[in-house]
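Trainee: I have a new structure to look at. Could you walk me through the words people use for it?
Mentor: Gladly. Here it is.

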Amino acid sequence: MPPVKMKKPLMAAIGLGLSGCGADYSVFHPAGPVAQSELNAVVISTIVVAVIIFLIWGLWLYVLIRFRDTPRNHAPYRPNWRQSRPLEIAIFALPVAALLVLAVPTVKKTYALAHVPSRHPLVVDVTSLDYKWVFQYPRQHIATVNYFYIPIGRPVLFQLTAHSPMTALWAPNLGGMEYAMPNRVLPLWLEATRTGTFLGRNANYNGIDYWCMTFLVHAVSPLRFTRWVKRIQTTKPSLTVADWRQLSRHTVAAPQAYSNYPADTFPEKPTQFTVRGLYYVPTHKP
Amino acid sequence: MSTPTTLPKEFQDQQESIRIMGFWVFLATDVALFGCLFSVYAVFRSRVALGPTPHQIFSLGPVLLETLILLTSSFTISLSLFAARRDRLKPALYCLILTLLLGASFVTLEIREFSHDVMAGHTWHQSAFLSAFFTLVGTHGSHVTFGVVWAIMLSMQLALRGLTVINRRKLYTFALYWHFLDIVWIFLFSIVYLTGIA
Amino acid sequence: MKAWAIHLMKLLFPPRVLLPDIIGIDIGLTIAALALLVYLTKTHRWGWLWREWLTTVDHKRIGIMYLIAALIMLFRGGVDALMIRTQLIGPHEHFMGIQQYDEVFTTHGTVMIFFMAMPLVIALFNVAVPLMIGARDVAFPRLNAISFWLFAVGAILLNVSFSIGGSPDAGWTSYAPYSELAFDPGVGENYFLLSLQVAGIGTIATAVNFLVTVLRLRAPGMSLSKMPVFAWSALITSSLILFAFPPLTVAMGLTMLDRLFHASFFTVSHQGMPMMYVNLFWIFGHPEVYILIMPAFGIFSEVVPTFSRKALFGYDAMVVSLLAISFLSYGVWVHHFFEMGAGPTVNVFFGLSTMLIAIPTGVKMFNWIFTMWGGRIRLTVPMLWQLSFIPTFVVGGATGVMLAVVPGDYQYHNTYFLIAHFHNVIVGGTVFGLLSGMYYWWSKMFGWQLNQRQGTWAFAFFFAGFWLTFMPQYFLGFMGMVRRMGTYPAGLGWTAFNFWSTIGSYLMAIGFLIMVYNIVWSRMHPNWDTTGDPWDGRTLEWSLPSPAPIYNFARIPVVHERDAWWEMKLQDRTDEVKISVDSVEPIHLPKNSPMPIILGLAFLVGSIGMVFSWFWLAILGALGIVADLAYGSFADQTEITLDPHYIIETESALGRLQS
């Protein structure tokens, strides 16, 4: 059991960071194109299924009232009515039609979301350790724990892996989740188009402190982002192997930043996945 | 449905024919079990970590001998069934005993091979490949072992009670089981060993 | 109210389980067990218990044992659910520690799926299917008893983990590598693995049994197309189990090899592959949810025509859609992990195949409604469960379609939206269906009926509680609350929804308590079902007295049409199920056998050996298994013959002799 005293400031920090930025219904407050596209999928599918739900509810209620077994019920009683081809075709066609309406955006959006939005994204390498997130910026060569900054208006490629049981990275305001797994690196594209501080969390159970394995995303203007990177590079200590070992222990950790990190703390990427045509696809090692 | 007299003897009794069908259904689930283990092996084949590759630990000689033994045992169990259908108890019994001896020698060879690998330090802890290999082949091996125990029981029952309606069915289902293991082995031999050695 | 609820829960189910508490509970259980032993000895019930129940191979008795076990497990899983909800009633609530919360949600899921829903399904198969198709028993009665005892061993293993050694805490999915020894030490996870493997063997045996029973033991004239839909659902469910359970066995088995014998399947090092576990688990897991829902579909297809006094609408479409669902269910498993980097093409394929399942399911919904159309709907308790199923399940199904929309799933995955969805289909579909079936066939099992008024109250509380519990959870998903959180901070807007959700779960608990009261009260004031056909039924089981005599049918009826019993009643041919004194033939029945329960004991001993890595004990168990199988194989007298006099006496006492 990790010390409780570490969790309290963590939660307080989250509470402060989020005050007044619409934490309720985070899925409904997209801060970027990915979350927006996913929200559109949510809305379309909700409308289509709502039509079906209300249709069936209505029909159900009507039948229930009309064909109640009461003495004064004069509705036609047809005990042997068991087949009606036109009706059966209709009840087959209805779900088919509803699903066609849903299938088209599903296919389009799924491909669109896997589409490489930029050849020069900001790259963030994410490693999930037990109950904390480590973010490494390979270009800027800085590292942070449990929080990170991104510039608005620029696609971000997260490369996810884990040195612990599987986790899933989820920042609902920016977009849907992706797993972080040991022995693999998975890509996730996200982008912020408005500034703000957003809560993200681990969405896959990985042990006792799973519930508080959260992080904060600060979406800021490009200028502020550059300044932030500079500040980390100049004022923070570098991440040592001893620090890494400390982070790898099964504990929670307070947000931290490092101006540098050892090279071998993230798996080599080129063997893991590549751009093929328009898409980013995993390549299997020979 | 054909008239009972044209059916093989095991199927003539209604209840026993239902039991044979049940055994077929059981074999279907066993196919699914081996199917899963085969797919695990197919995925893990190349994941050798720091351990040996298939090429380094497989040798054709003993495996070929095991194959030969198992194929022969499949032949002898068919002979046993053939004899049983002609109401010849003794040949049926002897062929069954021969089958179980062949099965036992197959298991012995396999255990020798496994312990040879383990002695060389290639335990399944070493790599995902070795885990999948030992599990797949070992599952087949434990099926054969179970078959040998079953065959011992069955030969005792045949010796004690003769070719009763129930024993005919038991012999038939045992033969089914044994042929099934033979088929699984053929897949093992070609998918695991041959492609591993090549 | 909140503080009050927590105090009450703490009083009823003390959450801080420390060693002294566990010892206290163990002492309590031992005293209760001793009291039971003394009671059985004083009332001289040992022989009775052994002869009539523990060694029985009668499908009706086995069904009842499954039912009782499933209800006990419903209680256990329900208490787990209440503890979960109490913990989440408010932010930063520490009703129990996080470690214990993890254990509780793991046992809740495992118990509810494998030891409540599955046995309840199998209970109703056992009780109803042979009677419906005009059979004297299942195809392999002794194997049926073996199935039960293996299930019982699995249930015992999972439940004793709490007091001996520690509960599993990796979730009912137990994803590797978290379930590996390195991250999850202790024996809890071993209990989980062993209990599912042992119970799984039993379930596969049940599937073999019912597949062959339905295919080979139908009454003369009952072609497949005249078979009741519930029998169809048994057939199709069995075929699903046959191919779905082996992957589970493999997933559990390989994890066990990793944990106990240091293999390297799913480990982080030695190039193990956790994804392999996830794939194997869901290749089982997705068909599993259809294994749970299809029997409910079958039950509704019996209940709706009976209580609408009308033939089932679109029988062919019903059967074809069951087949279509079973076929499609093998091709959708990746929708449980769209977020594991399979790429857009794979995700789209599995998203669309998942949507396809909505078509046959939608057809079935409409068919049930049109079955009621033009009928006369009687609001009995089984029918109330059915009627509430339609509007509930359609929401669950619709949110399922939403989850199949891949980009949407990126936002719903592992959130409370998902939790709400699968409770919506599993409770609103399977549990409503099975409870409907339980009330429907109760008199066929016990000979007396459940009180309707109390049953209605139980239903009302459960139904209202269900909606109150799960509807807010959809919204919690949109707010970013993810599953399995042991507690949560304030200020995220989650508090109110969680509070009401918890209150809803208490209402469901009250509903369950009323149901228990309903059963006990109805037992004390039995309303005997003397006709054997209290609902004016349509299928063959209602042509028998309640409960059916040991041989079921003194005379196997000849079937000419669907709804055979209904047609017999209409055409005044009910004498066809009665015997005349001069035409009675002896009936062969399977003989009781101690072999199944001994096999279960051997499995229990072996499994405990495995759990604690006491391999000498495991080997002892394995030897016991082989010895017991040999004993079963050598037993020569496996049948008893009922002579005609006994049958005539029994039938005449029931007033079932042809005049």
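What follows is a talk about how the terms fit the values in this model.

Mentor: Please keep in mind from the start that this is a predicted model.

Trainee: Thanks! Let me begin with chain C. What makes chain C as compact as a globular protein of that length?

Mentor: First, a look at its make-up: chain C has 20 helices and four strands. The radius of gyration of chain C is 25 Å, and the globule rule gives 26 Å for 659 residues; the two values are close, so chain C is as compact as a globular protein of that length. Along the principal axes, its C-alpha atoms fill a box of roughly 75 × 60 × 50 Å.

Trainee: How many of the residues of chain C count as buried?

Mentor: Of its 659 residues, 62% do. The test for each one is 20 or more other C-beta atoms within 10 Å of its own.

Trainee: And how do you know what share of the contacts in chain C joins residues 24 or more positions apart?

Mentor: Take the contacts in chain C with a separation of 6 or more; residues 24 or more positions apart account for 83% of them.

Trainee: Now two helices in chain C. Why are α4(C) and α16(C) called roughly antiparallel?

Mentor: Helix α4 of chain C covers residues 59–87 and helix α16 of chain C covers residues 495–524; their axes come within 9 Å and cross at roughly 155°. Angles over 145 degrees count as roughly antiparallel, and that makes α4(C) roughly antiparallel to α16(C). The crossing in which α4(C) passes α16(C) is left-handed.

Trainee: Which residues meet there?

Mentor: From α4(C) come G78(C), A81(C), L82(C), R85(C) and T86(C), and they meet S501(C), T502(C), S505(C), A509(C) and F512(C) of α16(C). By class, the contact of α4(C) with α16(C) has four nonpolar, five polar and one charged residues.

Trainee: Let's move to chain B. What makes up its secondary structure?

Mentor: Chain B has seven helices and zero strands. Its C-alpha atoms fill a box of roughly 60 × 30 × 25 Å along the principal axes. Buried residues make up 40% of the 198 residues in chain B.

Trainee: Which word fits the way α2(B) and α6(B) run, and why?

Mentor: Compare the angle with the cut-off again. α2(B) and α6(B) pack at about 155°, with their axes 9 Å apart. An angle over 145 degrees counts as roughly antiparallel, and α2(B) and α6(B) are therefore roughly antiparallel to each other. The crossing of α2(B) past α6(B) is left-handed.

Trainee: What holds the residues of that contact, by class?

Mentor: The contact of α2(B) with α6(B) divides into 10 nonpolar, two polar and no charged residues. Among those from α2(B) are L37(B), F38(B) and V40(B), while α6(B) brings residues including A128(B), F129(B) and T135(B).

Trainee: How do you know whether chain A and chain B touch or stay apart?

Mentor: Contact asks for C-beta atoms within 7 Å. Chain A and chain B do not touch, and their nearest C-alpha atoms are 9 Å apart. Of the two pairs of chains that touch, chains A and C have the most contacts between them.

Trainee: How many residues take part in the contact of chain C with chain A?

Mentor: There are 74 residues from chain C and 78 residues from chain A. On the side of chain C that touches chain A, α11(C) gives the most, with 15 residues. That side has 47 nonpolar, 20 polar and seven charged residues.

Trainee: And what about chain B with chain C?

Mentor: There, 26 residues of chain B are in contact with 29 residues of chain C. The largest share of the side of chain B that touches chain C comes from α2(B), with 14 residues. By class, that side of chain B has 17 nonpolar, eight polar and one charged residues.

Trainee: That leaves chain A. What does its secondary structure come to?

Mentor: Chain A has five helices and 13 strands. Buried residues make up 43% of its 286 residues. Among contacts in chain A with a separation of 6 or more, 70% are accounted for by residues 24 or more positions apart.

Notes. Residues numbered from 1 in each chain as written. Chains lettered and ligands numbered in written order. Predicted model: local features only at pLDDT ≥ 70, side-chain atom pairs only at ≥ 80, totals over all residues. Rg over C-alpha atoms; globule rule 2.2 N^0.38 Å. Buried ≥ 20, exposed ≤ 12 C-beta atoms within 10 Å, placed from the backbone. Axes fitted to C-alpha atoms, helices over the stretch in contact; angles between N-to-C directions. Parallel < 35°, antiparallel > 145°, perpendicular 65-115°, else oblique. Left-handed = near helix turned anticlockwise from the far one by under 90°. Nonpolar A, V, L, I, M, F, W, Y, C, P; charged D, E, K, R; others polar.
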